[in-house]
Amino acid sequence: MHHEALDLSRLRPALPSPLQPVEDERFARHGVTLLLKRDDLIHPDLPGNKWRKLAPNLRAGAGRTVLTFGGAYSNHLRATAAAGRLLGFPTVGVVRGDELAGRPLNPSLAQCSADGMRLHFVDRATYRAKAAPDVLDGLLSLFGECEVIPEGGSNARAAQGCTELGRELRGTAGTVAVACGTGGTLAGLAAGLGPEQRALGVPVLRGGFMGAAVRDLQRAAFGGPAGHWSLDERFHFGGYARTPPELGAFADDFEDRHGLPVERLYVAKLLYALTVLAGEGAFAPGSSVAAVVTGRPWPSDADGGPRAYTPSDSR
């Protein structure tokens, strides 16, 4: 079956995304300039790193059905479903948690469904084994020929797509920092930066697996290590989607100071981490640090996020 190449340019992404300096005395008092890389402004339905990671995968899919994976509040599932609606290809979302199948859809999954995504609920054990050949074969026998994109959209193509983010930031800041869920954005960002720059990843999940994930993605995408990167694992606040009052208060305050809506699950943890690091003297006086704003608040996150889901539900 012949598939036409997908023309993603008709979605008119706003690239390169703007880089905005913000006046913040928590950085200024240490002689550091904070810059915000506004990837959240790339596209209304495919913001931030979702655009950068999905675009190369969708081009490879060439209009075939895209099958991908996520939890009940997955940004990645929403972005994939929106891309399918906008570009006219079918989408299947394999959702963690078979107990959700008989319940009314939460706002996030309802949006996926409204955008035409077929939702397929699996139990958690099956979900954990989603990369196993027999599980994938079972899904493909159910849904036919599909382009399979992993959870969070992170694979070699996604990492290659994120190198453009690094290239857009060349010569702008000594340190470029990003919140990490599955590692694809950091893997590509580091590869795209100039030799005098470093990428800093702030994992939003517990578990210490991120370093290996980034190394594996760089090996798959670039044949080996690329660029200078490091992780600071201190700012996950207890795990994915854990947003304690202290983090909420910080995000509210940042919004008030700078008039920027702060997404709580990733961006708030990144900005909090950079504020602490500036206070610790991690950035040299006279230097700049750029924070990649990878997304914006989803409507149900406005009060700090849905309360009823477990911490592993949203990748």
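## Starting with the sheet

Which residue of strand 9 does Leu200 stand opposite? In this predicted model, the partner is Ser230. Leu200 and Ser230 are a handy way into the sheet, so let's look at the strands around them.

Strand 8 covers residues 198-203, and its pairing with strand 9 is parallel, running over 3 bridges. Both belong to an open sheet of 6 strands with mixed pairing. If you want to trace the sheet across, the order to follow is 1-2-10-7-8-9. At the two edges you'll find strand 1 (19-22) and strand 9 (229-231), each of which pairs on one side only. Going from one strand to the next, the twist averages 25°. As general background, strands of a sheet pair through backbone hydrogen bonds, in either a parallel or an antiparallel way.

## Helix 3 against helix 4

Now for the helices. Helix 3 takes in residues 75-87 and helix 4 residues 107-114; their axes come within 8 Å and cross at roughly 20°. Angles under 35 degrees count as roughly parallel, so helix 3 is roughly parallel to helix 4. The crossing of this pair is left-handed.

Who does the touching? On helix 3 the contact is made by Leu77, Arg78 and Ala81, and on helix 4 by Ser108, Leu109, Gln111 and Cys112. Sorted by type, the residues of this contact come out as 4 nonpolar, 2 polar and 1 charged.

## Helix 7 against helix 8

What angle do helix 7 and helix 8 cross at? Here it is roughly 50°, with the axes of helix 7 (residues 156-168) and helix 8 (residues 184-192) coming within 6 Å. That makes helix 7 oblique to helix 8. The crossing is right-handed.

From helix 7, the contact uses Ala159, Cys162, Thr163, Leu165, Gly166 and Arg167. Helix 8 brings Gly184, Thr185, Ala187, Gly188, Leu189, Ala191 and Gly192. By type, the contact of helix 7 with helix 8 splits into 6 nonpolar, 6 polar and 1 charged.

## An aromatic pair

The structure holds 5 aromatic pairs. One of them is Phe237 with Tyr272, an edge-to-face arrangement with 5.0 Å centre to centre and 75° between the planes.

Where do these two residues sit? Phe237 is in the loop between strand 9 and helix 10 (245-258), while Tyr272 is in helix 11 (residues 267-279), so the pair ties together parts that are 35 residues apart in sequence. Strand 9, where that loop begins, is also the edge strand holding Ser230, the residue opposite Leu200.

Definitions and conventions
Residues are numbered from 1 along each chain as its sequence is written. This is a predicted model: local features need pLDDT of at least 70, side-chain atom pairs count only at pLDDT 80 or more; totals for chains, interfaces and linings use all residues. Side-chain values use heavy atoms; hydrogens and water are left out. Axes are lines fitted to C-alpha atoms, for helices over the stretch in contact, and angles run from 0 to 180 degrees between N-to-C directions. Angles under 35 degrees count as roughly parallel, over 145 as roughly antiparallel, 65 to 115 as roughly perpendicular and the rest as oblique. A crossing is left-handed if the near helix is turned anticlockwise from the far one by less than a right angle, and right-handed if clockwise. Contact means heavy atoms within 4.5 Å. Ala, Val, Leu, Ile, Met, Phe, Trp, Tyr, Cys and Pro count as nonpolar, Asp, Glu, Lys and Arg as charged, and the others, Gly among them, as polar. Two strands pair if DSSP finds at least two bridges between them. Rings of Phe, Tyr and Trp (its six-membered ring) pair if their centres lie within 6.5 Å; planes under 30 degrees apart count as stacked, over 60 as edge-to-face and the rest as tilted.
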